[in-house]
Amino acid sequence: MKVLVKDQIINSADANVSISDRGYQFGDGIYEVIRVLNGKLFTEKEHMDRFYSSAEKMDLVMPYDREKLTTLIYDLIKANNVVDGHVYFQLTRGVQEPRNHAFPDNVEAVLTGHTKIYKRDLAMLEEGVSTVTADDVRWLRCDIKTLNLIGNCMAKTKAAKVGAEEAILHRDGLVTECSASTLLIVKDGVVKTHPLTNLVLPGITRMVIMDAIADANIPVKEEAFMLDELFQADEAILASTGHDATPIIEIDGKPVGNGKRGPITAEIQRRYDLRIE
Ligand code: PDD
């Protein structure tokens, strides 16, 4: 397998990073995961916009301009013959010795990336997944796509231990998002999702779904809601680069609606698919 290290595509066996890299020591960096469908980067512009915006929010200096970065990402997916799958890339603040919490000056940020090959999971998109609820113990800048993911990892592990696909996070009962995806619910024909604040990641899949909802004239409210509203929802949707718009059919062992994919979820999925070239 080929990987990206700085601006070179090399064999993964030849890749190495310094133990003094701030990404390794502090989780000081940012990342993106872009879906590859039919050999093309799905919603490439939106992901690149978010990558640059995360960098700005963290005072990270991009070592390459956008055109060069996009070329490197395409070179990587071509080198690994990825037709369907995803590409992961991250940028750390770079190598600093000795270790010091404060951001250093004049250190070159380190870009790395790899790919994964997989087809869309059509059975999951139809049959849905189960979830559990978990405390949202993350920090207060969840709008940045940082490498610091331990709060997310702890919640996802809680889900994995009971065979659930995802953990739905809440802060004292106020639902935010999932450990690695956006959450939307439907009640009486109205879609609801947390507004884009510091408590959630501005999901690209969320953006595609919002476009689909607008096109279909489905009413939508970007409003926070509590756990009781979640448990009374007719439909719930888990949205991310890897999941597209996946129906949630169970939360903490209780069925969502009738425990099957609902009509609004199916309509969103139909319109989502139209975006794929
Ligand atoms: N996760 N919220 C969180 C906390 C996420 O980590 C993600 C994505 C999303 C959905 O974002 P998008 O639609 O842009 O993928 C929401 C990625 C896939 C990951 O960490 O692997």
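## A walk through a two-domain chain

Six strands form an open, antiparallel sheet in the order 2-1-6-5-3-4. Please keep in mind as you look around that this is a predicted model. Strand 2 (8-11) and strand 4 (40-41) are the edge strands, and each of them pairs on one side only. A useful general idea here is that strands of a sheet pair through backbone hydrogen bonds, either parallel or antiparallel.

You can see one of these pairings between strand 1 (residues 2-5) and strand 6 (residues 110-117), which run antiparallel and share two bridges. Find valine 5 in your view: its bridge partner in strand 6 is threonine 112. A helix belongs to this picture too. Helix 2 packs on the sheet, where it touches strand 3, strand 4 and strand 5. Compared with the direction of strand 3, the direction of helix 2 makes an angle of about 175°.

### Two domains and their contact

How is the chain divided into domains? The domain assignment gives domain 1, covering 2-119, and domain 2, covering 123-274. Taken over C-alpha atoms, the centres of the two domains are 26 Å apart. Their contact takes 18 residues from domain 1 and eleven residues from domain 2.

Which elements of domain 1 give two or more residues to the side that touches domain 2? They are strand 3 (29-37), helix 2 (44-57) and strand 5 (85-92). Strand 3 makes the largest contribution to that side, with seven residues. Sorted by class, the residues on that side of domain 1 are five nonpolar, eight polar and five charged.

### Pairings in pairs of residues

Now let us move along to some further strands. Strand 7 (residues 129-135) is mostly covered, with five of its seven residues buried. Strand 7 pairs in the parallel sense with strand 15 (residues 244-251) over three bridges, and five bridges join strand 7 to strand 8 (residues 166-171), also in parallel.

Strand 11 (residues 190-193) likewise takes part in two pairings. Four bridges join strand 11 to strand 10 (residues 182-187), and these two run antiparallel. Three bridges join strand 11 to strand 12 (residues 220-222), and here the strands are parallel. The table picks out one residue pair for each of these four pairings.

| Residue | Partner | Strand of the partner |
|---|---|---|
| valine 129 | isoleucine 248 | strand 15 |
| threonine 133 | isoleucine 168 | strand 8 |
| isoleucine 185 | lysine 192 | strand 11 |
| valine 191 | valine 220 | strand 12 |

When you turn the strands in your viewer, remember one more general point: in a regular strand the side chains alternate between the two faces of the sheet.

### Around the ligand

The ligand has 15 residues around it, and Leu201, Gly203, Ile204, Thr205 and Thr241 come nearest. Helix 6 (204-215) and strand 14 (235-240) each supply at least two residues of this shell. Which of the elements gives the largest share of the shell? That is helix 6, with three residues. By class, the shell has five nonpolar, eight polar and two charged residues.

Helix 6 also holds aspartate 211. Aspartate 211 counts as partly exposed because 13 other C-beta atoms lie within 10 Å, a number that falls between the limit of 12 or fewer for exposed and 20 or more for buried. Aspartate 211 and isoleucine 268 are 57 residues apart in sequence, while their C-alpha atoms are 9.4 Å apart in space.

### Backbone details worth a look

Two aspartates deserve a stop. Aspartate 188 is not a glycine, yet its phi is positive, about 50°. You will find aspartate 188 in the loop between strand 10 and strand 11, a hairpin with two residues between the strands. Aspartate 244 has a positive phi near 50° as well, but its place is in strand 15.

Are these aspartates buried or exposed? Aspartate 188 is exposed because it has 7 C-beta neighbours inside 10 Å. Aspartate 244 is buried, because 24 other C-beta atoms lie within 10 Å.

The last stop is a peptide bond. Glutamate 97 and proline 98 are joined by a cis peptide bond, with omega about -5°. To locate the bond, look for proline 98 in the loop between strand 5 and strand 6.

How values were computed:
Residues are numbered from 1 along each chain as its sequence is written. This is a predicted model: local features need pLDDT of at least 70, side-chain atom pairs count only at pLDDT 80 or more; totals for chains, interfaces and linings use all residues. Domain bounds come from an automatic or database domain assignment. Two residues are in contact if their C-beta atoms, placed from the backbone, lie within 7 Å. Ala, Val, Leu, Ile, Met, Phe, Trp, Tyr, Cys and Pro count as nonpolar, Asp, Glu, Lys and Arg as charged, and the others, Gly among them, as polar. A residue is near a molecule or strand if its C-beta atom, placed from the backbone, lies within 6 Å of it. Two strands pair if DSSP finds at least two bridges between them. Axes are lines fitted to C-alpha atoms, for helices over the stretch in contact, and angles run from 0 to 180 degrees between N-to-C directions.
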